[in-house]
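Colleague: I've got this one open for the first time. Can you walk me through it?

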Amino acid sequence: MNVEEASADVESVLDAVADAVVADRSFLETVSVGLLARGHVLLEDVPGTGKTLTARSLTRALGLEFSRIQFTPDLLPSDVIGTHVFDEADREFEFNEGPIFGNVVLADEINRAPPKTQAALLEAMEEGQVTVDGETHALPDPFFVVATQNPVEQEGTFQLPEAQLDRFVVKSSVGYPDLEGEREILRRRAGRTSQSPDVERVLSIEGVRDLQTAPEAVRVEDDVLDYIADVARATREDRRVEVGVSPRGTQRLFEAARAYAVVAGREYVTPSDVKRVATPVLAHRLVLTPDATVSGTEKASVVDSVLERVAVPTVD
């Protein structure tokens, strides 16, 4: 699939999702960047802003299989990845797949589960497979995780460590709608009998696989490659940052920039593409110094200041 066709497909998918979810277009584009980059997305926001609806609507528009895992303090790794069950008829153990075996998996309130269960999900995200009792089972292709966490009511939660946050290509939030957006939510609810809106199917599983190959055809000039590396390295030199972006984070910035170029319908990456995805890709990977944390420094503001300091190349 070429970039022009991929861009048109992404546009159609986002239009279908926007018919169900009242959110900024930029937020929906950020989620699509995670999908196109073959990565995963972390959404952090208060309850009721549309995180679950976004994941469910995107799945329907893509024509994929949806699976939801509600993370709780008593959730075990086997509840996520599956377990072997003894079959009385055949007198042997059979593997029962867990809810992680879906094309789009919603890991709802991931910070509610203990670290061992979080690790089971994050290992599957990284490897694209799970191992149970020495047997390896491949996860579906495509495999896309949308994890959510609630930034309030932190009692009894297990914060994701930075090493695990690094597994997510982008981190974003839906945010509250403006006044007109809230009115639109009410109008849409008044126009249907069910609480959840219907979403038109746009693609198929084969179409999504083709879509994910499109970023590989996007060109990245040497000047832009240098710019990506300079931005990542500058985060490590900021006095407010204790641990900057890792080389893996640099690669994810590169992949996300190519993915956004596809969304924009271009066969090459520009510095503005890098700037557009820098905050959702890099901010959650930073570890601030204790002084910066106490003073209330926002990780996004650190990325913003880095983008202001690093010289932008001129691309013809």
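Modeller: Sure. Keep in mind that this is a predicted model. Let's start with β6 and β7, which form a hairpin with two residues between them. Asp 133 sits in that turn and has a positive phi of about 55°.

Colleague: How many bridges join β6 to β7, and do the strands run parallel or antiparallel?

Modeller: Four bridges join them, and the two strands run antiparallel. To find a matching pair across the hairpin, look for Val 132, which stands opposite Glu 135 in β7.

Colleague: Which way do the side chains of β6 point?

Modeller: They alternate along the strand. Val 130 and Val 132 point to one face and are buried, whereas Gln 129 and Thr 131 point to the other face and are not buried. That fits the general pattern: in a regular strand, side chains alternate between the two faces of the sheet.

Colleague: Back to Asp 133 for a second. Why is it classed as exposed?

Modeller: Because its relative accessible area is 66%, and the cut-off for exposed is over 50%. As for the positive phi, most residues other than glycine have a negative one.

Colleague: Which residue outside that hairpin has a positive phi too?

Modeller: Arg 38 has one, at about 60°, although it is not a glycine. Look for Arg 38 in the loop between α2 (25-36) and β1. Arg 38 counts as partly exposed, because its relative accessible area is 47%.

Colleague: And what kind of peptide bond joins Asp 141 and Pro 142?

Modeller: A cis one, with omega about 5°. Most peptide bonds are trans. Pro 142 lies in the loop between β7 (135-138) and β8 (144-149).

Colleague: New topic, the open sheet. What order do its strands come in?

Modeller: The order is β2-β5-β8-β1-β9, so five strands, with parallel pairing. β2 (66-70) and β9 (170-172) are the edge strands, each pairing on one side only. On average, neighbouring strands of this sheet are turned by 20° against each other, ignoring direction.

Colleague: How many bridges are there between β1 and β9?

Modeller: Three, in the parallel sense; β1 covers residues 41-44. Within that pairing, Leu 42 stands opposite Lys 171 in β9.

Colleague: What about the helices? At what angle do α10 and α11 pack?

Modeller: At about 130°, with the axes 9 Å apart. Helix α10 covers residues 247-264 and helix α11 covers residues 271-282. Angles from 65 to 115 degrees count as roughly perpendicular and those over 145 as roughly antiparallel, and α10 and α11 are therefore oblique to each other.

Colleague: Is that crossing left-handed or right-handed?

Modeller: The crossing of α10 and α11 is right-handed.

Colleague: Last bit, the rings. How many aromatic pairs are there?

Modeller: The count comes to one. Phe 95 and Phe 101 make up the pair, at 5.9 Å centre to centre and with 70° between the planes, which is edge-to-face.

Colleague: Are those two buried or exposed?

Modeller: Phe 95 is buried, with a relative accessible area of 18%, and Phe 101 is buried as well, with 9%. The cut-off for buried is under 20%.

Colleague: And which residue lies over the face of Tyr 268?

Modeller: That's Arg 266, at 5.7 Å from the ring centre.

Note on methods: Residues are numbered from 1 along each chain as its sequence is written. This is a predicted model: local features need pLDDT of at least 70, side-chain atom pairs count only at pLDDT 80 or more; totals for chains, interfaces and linings use all residues. Side-chain values use heavy atoms; hydrogens and water are left out. Axes are lines fitted to C-alpha atoms, for helices over the stretch in contact, and angles run from 0 to 180 degrees between N-to-C directions. Buried means under 20% relative accessible area, exposed over 50%, partly exposed in between (1.4 Å probe, protein chains only). Rings of Phe, Tyr and Trp (its six-membered ring) pair if their centres lie within 6.5 Å; planes under 30 degrees apart count as stacked, over 60 as edge-to-face and the rest as tilted. A charge sits over a ring if NZ of Lys or CZ of Arg is within 6 Å of the ring centre and within 35 degrees of the ring normal. Angles under 35 degrees count as roughly parallel, over 145 as roughly antiparallel, 65 to 115 as roughly perpendicular and the rest as oblique. A crossing is left-handed if the near helix is turned anticlockwise from the far one by less than a right angle, and right-handed if clockwise.
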